[in-house]
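Me: I am new to this structure and should be grateful for a close look at a single part, chain B. Please describe its contact with the neighbouring chain, its helices and its backbone in one connected account.

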Amino acid sequence: MSDQAWDQSPGKVGWTATSVRATLVLWGVSLGEDAEYQEVALRLSVLLRAVAALMPAAAADPRILLPDVPGLTERR
Amino acid sequence: MTAPGGEDVVYAGVADLAAAYRAGRLSPVEVAEAHLRRIEALNARLCVYVTPAPSRALEAARRAEGELRAGLDRGALQGIPYAVKDQVMTAGLRTTAGSPLLAEWIPATDATVVRRMDAAGAVLLGKLNMMEFALGRPRRYAYGTPRNPWNPAHETGGSSSGSGSAPAAGMATVTIGEDTGGSIRHPAAHCGVVGLRPTWGLVSRYGMIPAVWHMDTLGPLARTVEDAVHVMRTIAGHDPHDPMTSPDPVPDFPGLLAGGIGGVRVGLVRELLPGPGLTAEALQGVHQVADALRRLGATLREVSVPLAVHAGVIYTAFAEPAAAQVHLPGLRRAAGRYDPNVRVRLARGLVTPAAAAQWAYEVGRRTLVAQISEALSQCDVLLAPTTPGGAPRLEEVHQGRAVTEEDVRREFALQSYRMPFSFHGGPVLAVCCGFTADGLPLSVQFAAAPGRDGLVLRVGHAYQQVTDWHRRRPDLGGG
């Protein structure tokens with residue numbers, strides 16, 4: 001994923017916060033203030049970026065069983 | 001009032017108190033009363049206890065005293081004052097888990113650990129302060145902000161906050177805390193006491209409000225390894241109410257302390273020396289411990305756990321969804337009553353994609369466990385700092401401003417020290433190894449393979465025999 005996709009400009013955080021709110025609605029959970037949804041969105045985006053960056057480092061990653069497959073095994 | 005060793009009874013160890021009771025030099029009632037006076041004097045300042053239990057304590061102390069007079073000897077913990085983290089159920093005594101949601105809850109039954117301590121004749125002084133539902137630092141503690149006995153302007157660590165500060169402040173001889181990702185070792189380190197995360201499955205969790213049920217572990221905190229061992233021999237062992245407990249016989253913990261550590265192979269974890277944010281003082285503390293162990297006959301080598309510094313990310317990705325499952329009914333019913341920091345973490349758990357959580361649990365965690373197992377194939381015990389330095393000031397950790405990306409990354413990084421060993425499932429012992437220039441405790445942890453609790457306890461005990469950090473006391477004035 002490109003760095004642009006992780007853009008945390010206010011507009012992007014707002015969009016992610018809306019998606020967080022929508023998912024929580026599906027769980028039947030409401031947080032209240034907009035600022036909390038934005039914090040969840042920020043925390044989630046940092047977490048997912050960190051997980052995505054770590055995935056290639058784990059030896060048990062099943063992609064090590066593959067040759068270089070364009071779009072699948074590329075390492076960032 | 002002084003114990004036979006010349007120290008105030010509120011700082012006397014289990015063996016000294018037990019000997020004094022049997023010699024008629026002290027009574028369980030007067031020792032319980034001394035502790036209750038101490039709690040009365042200091043609790044408003046330090047917020048150690050959520051619910052002191054003076055009536056229950058005095059009743060138990062009188063029972064212990066009567067039994068000892070009648071020749072009924074239940075062992076070393078008879079008449080010894082103890083306290084438990086408020087995450088652990090106590091019959092007839094409210095159990096809040098540090099949350100206003102449970103402010104009025106009075107369980108009908110005791111947790112297994114409480115039942116076993118009571119059956120040994122120990123005297124329950126009350127319930128100890130903690131971070132809400134053991135889910136990380138709250139924005140505001142519902143029952144008062146715990147303050148570090150060594151300097152009340154600093155935090156205690158957590159989530160077993162009061163379990164660390166009570167023995168340090170002479171407000172209990174021993175305590176029981178709960179460690180999911182480091183919640184026994186963190187307050188033990190910041191408060192300058194010993195904290196053991198036992199092998200997973202050694203101690204029953206029946207009656208304990210879960211944080212992340214497949215990692216939660218109850219264990220002792222105390223001023224000395226020897227005192228912690230007395231608790232372990234009492235609370236460890238199979239419990240039919242907790243099917244995850246091991247059916248194996250309980251080890252002879254006191255016997256395991258003997259014999260020294262000659263020939264023990266100690267591995268220094270390269271990635272944590274230094275790891276994220278480690279201070280020069282903490283690094284020096286670890287090397288001084290290594291030198292002391294070498295003088296005691298241990299051999300040292302460097303080992304590698306490459307994913308240790310990423311343990312916080314891996315943990316968060318699978319643990320928050322696990323915790324959120326437990327709290328979903330509460331969040332649906334009363335999300336607004338959770339602390340905002342806890343609510344936000346649980347919400348992240350609910351929206352973390354399965355791809356991330358599944359990778360973290362099945363791949364990230366397993367890879368890290370494999371790295372620790374590989375390191376432990378080259379040595380017997382791993383040595384690492386418990387925290388990157390002394391306890392931070394309260395205003396540093398309770399920020400009023402909006403969270404930034406850098407804050408989140410720093411939270412992950414600071415989990416590098418205790419979290420990796422929580423994944424592994426083996427015993428980890430935190431021991432005070434000195435003090436900062438500002439007088440705050442520093443700590444190291446010893447980790448070993450599952451089932452080798454006796455080994456980490458023996459190493460910690462040997463270290464305490466040649467150092468005197470555990471004999472230092474905070475200056476709490478006339479309290």
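Reply: Contact here means heavy atoms within 4.5 Å. The model is predicted, and in it the contact between the two chains takes 32 residues from chain B and 27 residues from chain A. The size of an interface is often given as the accessible area lost when the parts come together. Between chain B and chain A the buried area is about 2,700 Å², and carbon and sulfur atoms give 75% of that area. On the side of chain B, three residues stand out: Val344(B), Val351(B) and Trp359(B) supply 22% of the area that chain B buries against chain A, more than any other three residues.

The account now turns to helix α12 of chain B, which runs over residues 354-376. At 1.5 Å a residue, the 23 residues of this helix should span 33 Å. The end C-alpha atoms of α12(B) are 31 Å apart, which agrees with the expected span. The helix nevertheless has a bend of about 40 degrees, located at Ala360(B).

Elsewhere in chain B, two helices meet. Helix α4 (residues 112-119) and helix α7 (residues 225-235) of chain B have axes that come within 9 Å and cross at roughly 110 degrees. Because angles of 65 to 115 degrees count as roughly perpendicular, α4(B) is described as roughly perpendicular to α7(B). From α4(B), the residues making the contact are Val113(B), Arg116(B) and Met117(B); from α7(B), they are Val231(B), Thr234(B) and Ile235(B). By character, the residues of this contact divide into 4 nonpolar, 1 polar and 1 charged.

The backbone of the loops also deserves attention. Most residues other than glycine have a negative phi, and most peptide bonds are trans. Ala97(B), in the loop between β2 (81-85) and α4 of chain B, has a positive phi near 55 degrees although the residue is not glycine. A cis peptide bond joins Gly158(B) to Ser159(B), with omega about 15 degrees. Ser159(B) belongs to the loop between β3 (123-128) and α5 (161-168) of chain B. Another cis peptide bond links Leu273(B) with Pro274(B), where omega is about 5 degrees. Pro274(B) lies in the loop between β7 (265-269) and α9 (280-295) of chain B.

Note on methods
Residues are numbered from 1 along each chain as its sequence is written. Chains are lettered from A and ligands numbered from 1 in the order in which they are written. This is a predicted model: local features need pLDDT of at least 70, side-chain atom pairs count only at pLDDT 80 or more; totals for chains, interfaces and linings use all residues. Side-chain values use heavy atoms; hydrogens and water are left out. Helices (H or I, at least four residues) and strands (E, at least two) are DSSP runs, numbered from the N terminus. The expected span of a helix is 1.5 Å times one less than its number of residues. The bend at a residue is the angle between axes fitted to the seven residues ending there and the seven starting there. Axes are lines fitted to C-alpha atoms, for helices over the stretch in contact, and angles run from 0 to 180 degrees between N-to-C directions. Angles under 35 degrees count as roughly parallel, over 145 as roughly antiparallel, 65 to 115 as roughly perpendicular and the rest as oblique. Ala, Val, Leu, Ile, Met, Phe, Trp, Tyr, Cys and Pro count as nonpolar, Asp, Glu, Lys and Arg as charged, and the others, Gly among them, as polar. Buried area is the accessible area (1.4 Å probe) that two parts lose on being put together, summed over both.
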